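Trainee: Could you take me through one part of this model up close? I'd like to look at the pocket and whatever surrounds it.

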Amino acid sequence: MKIHRINPTQRWSDITVFNGIANFVEVPETDQVLEIEGQVSAIFAQAEASLALIDSDKSRILSVTIYITDFSLVDRLNAVWDAWFDEGTAPSRACVKVELADPDWLLEMAFTVAAGEAYL
């Protein structure tokens, strides 16, 4: 089976897909420092763009690993998370406290998704 690599570089690919399952990571790409709600919203907007590239959508997200710098922000993260997912479509998730590469990032998310038919 073919491995699809979307926008591959020497260091990483934006998305990798194998056997219909896609993996990608989003960090808050913004030119301003945002609070947690803004960073979560930015990541979700970026995730929607990534999902569109593989003919998928947020209802097909299987799991998300959230890397967060401060557990005191989890309730605020959850408010944005709960509003983004339609009832009954939330994926499995893990939330891990970490130090991230950019000190302005409060979180990053790793997604596992069911891709569209073209990626089977």
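**The largest pocket and its walls**

Mentor: Sure, and keep in mind that this is a predicted model. By class, the lining of the largest pocket splits into five nonpolar, four polar and four charged residues. The volume of this pocket comes to about 390 Å³. Its lining holds 13 residues, and the ones closest to the centre are Trp-12, Asp-14, Val-25, Glu-26 and Glu-29. As for who builds the wall, β2 (13-18), β3 (21-26) and α1 (36-53) are the elements that give two or more residues each. The largest share is from α1, with four residues.

Now step back to the sheet behind those strands. Six strands make an open sheet with mixed pairing, and the order reads β1-β2-β3-β6-β4-β5. At the edges sit β1 (3-8) and β5 (92-97), each pairing on one side only. Going from one strand to the next, the twist averages 15°.

Let's follow β2, since we met that strand in the pocket lining. β1 and β2 run antiparallel, with five bridges joining them. You can pick out one position by eye: Pro-8 has Ser-13 of β2 as its bridge partner.

That leaves α1, the helix with the four lining residues. α1 lies across β1, β2, β3, β4 (61-68) and β6 (107-114). Against β6, α1 runs at about 30°. So much for the helix; if you turn back to the pocket, you'll find α1 lining it along with β2 and β3.

Definitions and conventions: Residues are numbered from 1 along each chain as its sequence is written. This is a predicted model: local features need pLDDT of at least 70, side-chain atom pairs count only at pLDDT 80 or more; totals for chains, interfaces and linings use all residues. Side-chain values use heavy atoms; hydrogens and water are left out. On a 1 Å grid over the protein atoms alone, a cavity is a set of points where a 1.4 Å probe fits but cannot get out, and a pocket is an open set with protein on both sides within 12 Å along at least five of seven lines; lining residues have an atom within 4 Å of a point. Grid points are joined across faces, edges and corners, and a volume is the space filled by probe spheres set on the points. Ala, Val, Leu, Ile, Met, Phe, Trp, Tyr, Cys and Pro count as nonpolar, Asp, Glu, Lys and Arg as charged, and the others, Gly among them, as polar. Two strands pair if DSSP finds at least two bridges between them. Axes are lines fitted to C-alpha atoms, for helices over the stretch in contact, and angles run from 0 to 180 degrees between N-to-C directions. Contact means heavy atoms within 4.5 Å.
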